[in-house]
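Colleague: Would you walk me through the reasoning behind some of the labels in this model?
Modeller: Gladly; let us bring it up and start with a pair of helices.

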Amino acid sequence: MATSNDQTSPLEVTLSEGMKASVARQIGALQQLQGRINGEFTEAIKLLTSCRGRVIMLGMSQSGHIGRKIAATLYNAGLSCHLINPADAWHDNLSMVGSGDIIIMLSYSGMTEELIRLYPVVKHVGNKVIAITGDPKGPVAEQADIVLDASVIEDLPDQKHAPTTYTTVLLAIGDLLAEALQRFQASDLEGLRKDQKITWVRNIMSTDNYGRIAPDSKISDVMQAMTATGSKICLVMDGDDLAGVITDGDLRRGLSGVDSLSGMTARNIMNGAPIIIKEEASASDARALMDKSKIRALVVQDSHNHVIGVVTIDACRKALGA
């Protein structure tokens, strides 16, 4: 804003020159990025197009904020992409990450402790990792399968308070990946995921809308558990292990002709060999399995065979639009 007599104050001149310098730095950083686009970027696109799970974005602080925008952009390009706080992921031991998921780690310093300590778990599960980092030779990059160089030169004040040049480059890389994915879609290359997003069992399963009882529970407890959740299935759990399931059909058949419930337990009427499906299976596969088996619900397990939920035929039909 000009002062009286159309004169510009020294402060305004300083602010204007500072903003121009910031734009110049960002333009320069993008030009440097252009020269760094190489085989690693191509490999990242190949990996993302072959993804049959989700893309999990991990980033702390400023990287995490930008990661949220990148996740939304990749989702629009056809990927099921989610942002997770690395500190929360460590606390939960990455239990929310499936074996078919691809991990993208974002790190300005390349030394983010919350990311580095996740590697043993990630490698154990077998997830592929793409590191997008300001230090392509740092600890975060060292263990990654693919490294995308997001390094920039910034003034010390920028490094401490607002790494604007880095965030510009980070956003540009996210847009580059999304644009390349969409170009693959338009070309219909082999291994491409079509415009229609695949719906995974983990995305439509219920984690709490079903009963859970012990094998020695009374039949009245089974009925109460089903009534309380409004579900037609009850999991019979022996500690953390699945002993069997009881559906409303099992309940009717088990009680048919019975004069007294005295002494009867869940163990007496449960199906001890229920049909299981993995969380990384598609909703289409789950529906086909239920149609073939003439059942209406499946128990869902994670990659470590832990029970994590139930998926119903109604949930699959709703997700698939049929």
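Modeller: This is a predicted model. In it, Ile219, Val222, Met223 and Met226 of helix α11 meet Asp248, Leu251 and Leu255 of helix α12.

Colleague: How many nonpolar, polar and charged residues does the contact of α11 with α12 have?
Modeller: The contact has 6 nonpolar residues, no polar ones and 1 charged residue. Asp counts as charged, whereas Ile, Val, Met and Leu count as nonpolar.

Colleague: Why is α11 called roughly antiparallel to α12?
Modeller: The axes of α11 (residues 219–229) and α12 (residues 248–255) cross at roughly 150° and come within 12 Å. Angles over 145 degrees count as roughly antiparallel, so α11 is given that label relative to α12. As for handedness, the crossing of α11 with α12 is left-handed.

Colleague: Thanks, that is clear. Now to the interior: which residues touch the most other members of the largest nonpolar core?
Modeller: Leu74, Ile130 and Ile132 do, in a core of 35 residues. Two or more residues come from each of α1 (10–36), α2 (39–49), β1 (55–59), α3, β3 (102–107), β4 (128–133), β5 (146–149) and α9 (164–187). Helix α9 gives the largest share, with 9 residues.

Colleague: What does isoleucine 130 touch, leaving aside residues up to four places away in sequence?
Modeller: Isoleucine 130 touches Ala44, Leu47, Leu48, Ile102, Ile103, Ile104, Met105, Ile146 and Leu148. There is also a second, separate core of 16 residues, and Met105, Val122, Val129 and Ala131 are among them.

Colleague: Why might one look for such cores at all?
Modeller: In soluble globular proteins, nonpolar side chains tend to be buried together.

Colleague: Let us turn to the backbone. What makes the phi of serine 61 worth a remark?
Modeller: Its phi is near 50°, a positive value in a residue other than glycine. Serine 61 lies in helix α3 (residues 61–76).

Colleague: And why is serine 61 called exposed?
Modeller: Its relative accessible area is 57%. Exposed means over 50%, so serine 61 earns the label.

Colleague: Where is asparagine 305, and what is its phi?
Modeller: Asparagine 305 sits in the loop between β10 (297–301) and β11 (307–312). Its phi is positive, about 65°, although the residue is not a glycine.

Colleague: Why does asparagine 305 count as partly exposed?
Modeller: Its relative accessibility is 48%. Buried means under 20% and exposed over 50%, with partly exposed in between, so asparagine 305 counts as partly exposed.

Note on methods: Residues are numbered from 1 along each chain as its sequence is written. This is a predicted model: local features need pLDDT of at least 70, side-chain atom pairs count only at pLDDT 80 or more; totals for chains, interfaces and linings use all residues. Side-chain values use heavy atoms; hydrogens and water are left out. Helices (H or I, at least four residues) and strands (E, at least two) are DSSP runs, numbered from the N terminus. Buried means under 20% relative accessible area, exposed over 50%, partly exposed in between (1.4 Å probe, protein chains only). A nonpolar core is a set of buried Ala, Val, Leu, Ile, Met, Phe, Trp, Tyr and Cys residues joined through side-chain atoms within 4.5 Å. Contact means heavy atoms within 4.5 Å. Axes are lines fitted to C-alpha atoms, for helices over the stretch in contact, and angles run from 0 to 180 degrees between N-to-C directions. Angles under 35 degrees count as roughly parallel, over 145 as roughly antiparallel, 65 to 115 as roughly perpendicular and the rest as oblique. A crossing is left-handed if the near helix is turned anticlockwise from the far one by less than a right angle, and right-handed if clockwise.
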